[in-house]
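Biologist: I am new to this structure. Please take one part, the place where the chains meet, and go through it closely.

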Amino acid sequence: MHEPAVLRRHTTPEIDRRINDDLTSSMFKTPSRYWMLVGFLALVTAMGAGAAGYMFVNGLGVTGLNRPVMWAFFITNFVFWIGISHAGVMLSAILRLSQAEWRRPATRAAEVVTIFSLLLALTMPLMHMGRPWRFLWIFPWDFARSIWPNVRSPLVWDPAAIGTYLTSSILFVYVALIPDLAVARDRTKGIVKAGYSLLAMGWRGYPMQWRLQMIAGILLSALILPVFVSVHSIVSWDFAVTQSVEGFHSTIFAPYFVIGAVHSGVSAVVTALIIFRYIFHWERYILPKTIDNLGRLLLVVATAWFFFLALEILFGLYARENSELALRTLQIFRWPYSLLFLIFIIAAYGFPAPMWLFKGVRRSFFWMAITTISVNIGMWLERFLIIVPSLARKQALSFNWSTYHPSVIEILIIIGGFSFVAMLVLLFAKVFPLIPIYDIKEGEILKDEIIIGKKRIPAVMREE
Amino acid sequence: MSRVEPQIITKSNQEVTREILAITHTMGPGYKKAVVFFGLLLLLGIIGFIIRAVDAGFNDFRPWGYFMAGYAFLLTTASTAPLFSISQRMVHSHWRRPMARASEMFGVVGVLSTLMFIPMIALLPSSAGRRSIWFEWPGTPLYSDTLAVVFLAVLGIVLLYVAALPDLAVSRLHATGTRRKILDRIVIVNWKGTERQWAVHRASLRVLGALYFLFLVLVHTIIASDFAEALVPGWKDAIFPAFHVLSGFQSAVASTVVALFLLYKFGGYKDYIAVDQFWAASKLLLPLCLLWMYFWFSGFIVYWYGRQPVEQTILRTFMFEAYLVPFLLGVMLSFVVPFLIVMWNFVRKTILGPTIVATLILFGALFDRIRIYVASFSIADMRPDGLTSLEPEALSAVPRAVLPGAPDVMMILGTIGGAIFLYLLAIKLIPPVSIWEIKEGMLYRRRRKYLKTEIMVMGKPE
């Protein structure tokens, strides 16, 4: 039988050096546009922080919150950023476990987006409290007066879940970062080298160290997945177990929120990767193939999300209860929510999903940036439309029907939050490699080609 | 549990074709006995159906709960099974190759499920004045459901036909006598294996796969809604159709694994089926078991937490009182036991381990469908005049559990037997191990030395 040839290739020291140079360039050779961007983001973040300070001093009266809409921009933003944070685990853990080769350039960025989005998400309930020091009451510390948090409330489950997720995500990023920290250690001097040495924990790349690092990666990937699912499920139960608000009490909320989170999170990672590619000239690593695969993944995720959305609306209307009909009418057909709903549906699914059917779009950085930004505009509105119209309670005999108008303070805090996450991710790129160096090198080692007839087919080595 | 090492097929293309066709064309006496046995089971089911029809007639849907559960079990297992090959082909996994056809072959069971659906749709009470996802649109659910179910069955058969076309063409060349005549009639395309034909073949599989997936989700949704949820006053549960779909995915993998094991053990395809398939499929079963629990729990917690009387009655009906036993069996066999077994890699990397797990899951799916559909069918049409008045808002009391009578047992056995019977007939004509996919896989898979070890090199065409 004719055997198709296997082309044997290995990484050479030249390739190693090139990868090291390219992927540490963000740390050692920072282009001026980077600092301009960071400066701008810092300015916007400062405006947001200033607005938050003003709100803390003057109280929640400076926001648009009023009866009956007491959850609005901050909680919308909280749910949104928790959603964004799901990208890290989705991409990194699942794709690592499934040995998807194309994941390699995208994993670290996804994990870092997870951590910083979680940090921002955590600030949102604090903003929402108006008096953030009150968060201490979620801990059982006032033993003397026998004051205990209500452990039956999802509002207490939230901090526990998010805290666990944040801790495990940091651990997840750190374990994957160790070999790259050693690269940084070997390329720096003085106190910076000492810092990297400390973080690299004596990494020398011995077979035993690689083995442990690999096992830790797999174990953490497997263990973090249930945490990832539980976090957004618990956030969804903040709403779903509420019986008094039409539109909240739905059994599908947990998986609906999780899949929505993956939809917006992966979209955010694609947007981030395209921006990094532009800023740091990572054309050799973030390839059209990478975003093509992410586009395919997004198409599946978006369609699953749309199915859940359809079930949520369908079974909301299913019973034809007057209060539910009133809510859906308000949410979908009454100004200004009607416009927001239209934008939401088009931006989150109607525009991007059909676009992703075309290979040309999936392989275009421009169109993928546009479509993924569109998804996140839509997904932010989705959370807003779940929360605000439901609480507005426009229904028969409602004694306190009212709607909500955000104040400038809230808008500034929200914009500041977006800027804060972007700034932190960029600053991270200044200190740590944002594309995993060892992962890329491993990909180069495993990469192979086979020749079938006249065609060269990309191939990959697999250890049995 | 004996471990079987992964294997690489080192035969030539011609040998593969000759061998697989020879196995398909010359089934042994065991095959004939199996066909007779399952044919008799089907006959038993038909007799059970006739007894029930004579006994209860078709005016009231309540005596038909077990028949409906049998139909739902077929939808969950056989009709969903082709999804396995669709999804794995979509992600270009190589390990799927020997088992893709085994899953697509379940498409032929669509004939039986469609036949079973006809009395069910006739029995369904009018949707007028009742909660329904169709909101009393004209022609629903009668025509809409029938159209969806029939279309899904047709799609399943077309998908199987298109996927098997290259093998049918080659099978025709090697066939003689009656088989040749049948194949001459079936293979209407003049398949020569040109580059253009392969391109069209690939595109057709993609389009048919996507269509099948969408219709399958739709059919699960409408069956779950029209034949269970809509019959129970006060049951408003958005996650239930999604849970139905998800348990279908789990059962699809399980059905394929069991079919593959039988082909491996008794079919004579040992040279082409290896531990790789069972190992990889069990890696899918693990998250699917967890997802089964997650979807169930997500619905349960929202109902349980609020303590609303209407929701408590639903929980007591379906889980904690009337149908406690099938519920517990469903949870144990769909989640607890499979999860505890399949979580261990040394078990996953065997042929027997994943097969046991898959079998348990199939039993779990059966009990779960019995719990859902027998309970739903046991509740009388609550509208005062049984036709158009509005039903009460909630189920007032937990109905008594309906235990299966002899005709029910006969119908359930007949449903399962009939599905296997049709499958067995199909594998006599269509090779249950895809020849062209095996040969394609051989091109992409090589072994070579790397440093001190031997590694596999897998082609990954984009």
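Modeller: What follows describes the contact between the two chains and the core beside it.

This is a predicted model, in which local features need pLDDT of at least 70, side-chain atom pairs count only at pLDDT 80 or more, and totals for chains, interfaces and linings use all residues. Residues are numbered from 1 along each chain as its sequence is written, and chains are lettered from A and ligands numbered from 1 in the order in which they are written.

In chain A, 36 residues are in contact with 34 residues of chain B; contact means that C-beta atoms, placed from the backbone, lie within 7 Å. On the chain A side, helices 9 (207–240), 10 (253–280) and 11 (288–317) and strands 2 (447–452) and 3 (455–462) each supply at least two residues. Helices (H or I, at least four residues) and strands (E, at least two) are DSSP runs, numbered from the N terminus. Helix 11 of chain A gives the most, with seven residues.

Strand 3 of chain A runs antiparallel to strand 2 of chain B (residues 453–459), and four bridges join them; strands pair if DSSP finds at least two bridges between them. M461(A) stands opposite V457(B) there.

The largest nonpolar core has 267 residues, and V113(A), V266(A), V269(A) and L285(B) touch the most other members. Such a core is a set of buried Ala, Val, Leu, Ile, Met, Phe, Trp, Tyr and Cys residues joined through C-beta atoms within 7 Å, where buried means that 20 or more other C-beta atoms lie within 10 Å of a residue's own. Leaving aside neighbours within four places in sequence, V266(A) has contacts including L294(A), L297(A), L298(A) and V301(A).

Key: Two residues are in contact if their C-beta atoms, placed from the backbone, lie within 7 Å. A residue is buried if 20 or more other C-beta atoms lie within 10 Å of its own, exposed if 12 or fewer, and partly exposed in between; C-beta atoms are placed from the backbone.
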